[in-house]
Amino acid sequence: MQRRKRNTTNGSTTALPLRVKNDEYPRKNRAARRELSKRAVVAAMIILSILTLVGFIVVWESVVSFFRSSWPSRNSLENENGAVLNNVGSGRHLDISKFYEQRPLDQFSELRYALEHSKLVLLYFAASWCPMSTPISDALDEAFGTGDVLLTRNGQKKTLSIVYVSSDETLDEFHEYTRKRHWLPIPFDSAEKNQLKRHFATCAHRELEELQFDRKHEIPTGIVIDSRTQGIITTNGADDVDEMGAGALDHWLKMQGWASQMANRIAHENDSNSQKE
């Protein structure tokens, strides 16, 4: 390296800053920079690998949690001394219910015809004045209104019956809402209408003061019942029809078949254990 000089006008010289060529930097500085770059790349790869592993664990736990909530364990079925079908937050699976030795709905005479003449009973809690009920009622009409699966009063057994449990305010509203539909409505002045609301803890908000119970479901709500066992298949029947249309019936029948198989298997095992004792 040489210090450069510059001549001034008065004949003197001025020293200029040193100019170092690229190849005059110490080799150790360039090597240190390369090593630092390598370490930065390695650190970035390690961080990326850790984040990827954490993401995989989160996704895996979510998948496992979903299937655990979707499929009940054998212990959960047997703890209730019958087929208890568990659903944790998923509307696509069986709700907690039993296959009763003493059927729980026998007390409701207004349901007897539907239970005896159809495989499934959809208890439809709704009201003509409720704006949220209107699209569900229209979806029911579109899915089942013109088909041959819906039970009527002609005495022929069918796959499905729709029992309307109304929150209508007047008899005229009730008649206007049901007269053109193939539903089996609980009579407007029947005491069983409010009894069913209490039994299933389902009603309109404006009825709470009169009925005095802890509400679990608001209107509209569709509760699907297995006619043979009178156990609850799902409490999400209204949403099922809204999303699946006529396909909701096949969905309910599949759940019913699966539940029956589980109940029969447990009953067989209980009989076997009793014989051994």
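Here are four short exercises with worked solutions on this predicted model.

**Exercise 1. The sheet**

Work out in which order the strands of the open sheet stand, and which strands are at its edges.

*Solution.* Start with the order: the four strands are arranged as β4-β3-β5-β6, with mixed pairing. Next, look at the ends of that order. β4 (158–166) and β6 (232–234) each have a single partner strand, so one side of each is left without a neighbour in the sheet. Finally, add the twist, which averages 30° from one strand to the next.

Now take the pairs in turn. β3 and β4 run parallel and are joined by eight bridges; in this pair, L120 stands opposite L160 of β4. β5 (residues 221–226) and β6 pair in the antiparallel sense, over two bridges. Here V224 stands opposite T234 in β6.

**Exercise 2. Strand β3 and the helices**

Find how many residues of β3 are buried, and which strands α4 and α6 meet.

*Solution.* Begin with burial, for which the cut-off is under 20% relative accessible area. Eight of the nine residues of β3 pass this test, so the strand is largely enclosed by the rest of the structure. Then turn to the helices. Helix α4 (residues 133–144) packs on the sheet and touches β3 (118–126) and β4. The direction of α4 makes about 155° with that of β3. Helix α6 (residues 191–199) lies across β3 and β4, and runs at about 100° to β4.

**Exercise 3. A loop residue and its contacts**

Locate E110, classify its exposure, and list what E110 touches beyond four places away in sequence.

*Solution.* First, the location: E110 sits in the loop between α2 (74–78) and α3 (112–117). Second, the exposure: the relative accessible area of E110 is 31%. Partly exposed covers the range between the buried limit of 20% and the exposed limit of 50%, so E110 is partly exposed. Third, the contacts: E110 touches I186, P187, S190 and E192. Take S190 as an example: E110 and S190 are 80 residues apart in sequence, while their C-alpha atoms are 8.7 Å apart in space.

**Exercise 4. A nonpolar patch**

Name the residues that make the nonpolar surface patch, then place V42 and classify its exposure.

*Solution.* The patch is made by V42, I46, I50, V54 and V58, and has an area of about 430 Å². V42 belongs to helix α1 (residues 27–70). With a relative accessible area of 45%, V42 is partly exposed. That value also fits the patch rule, which asks for over 30%.

Key
Residues numbered from 1 in each chain as written. Predicted model: local features only at pLDDT ≥ 70, side-chain atom pairs only at ≥ 80, totals over all residues. Heavy atoms only, no water. Pairing = 2+ DSSP bridges. Axes fitted to C-alpha atoms, helices over the stretch in contact; angles between N-to-C directions. Contact = heavy atoms within 4.5 Å. Patch = residues over 30% accessible without salt bridge, like charges linked within 9 Å, V, L, I, M, F, W, Y side chains within 5 Å. Areas by Shrake-Rupley, 256 points an atom, 1.4 Å probe, with all protein chains shown as cover. Salt bridge = Lys/Arg side-chain N within 4 Å of Asp/Glu carboxyl O. Buried < 20%, exposed > 50% of the residue type's maximum accessible area, 1.4 Å probe, protein only.
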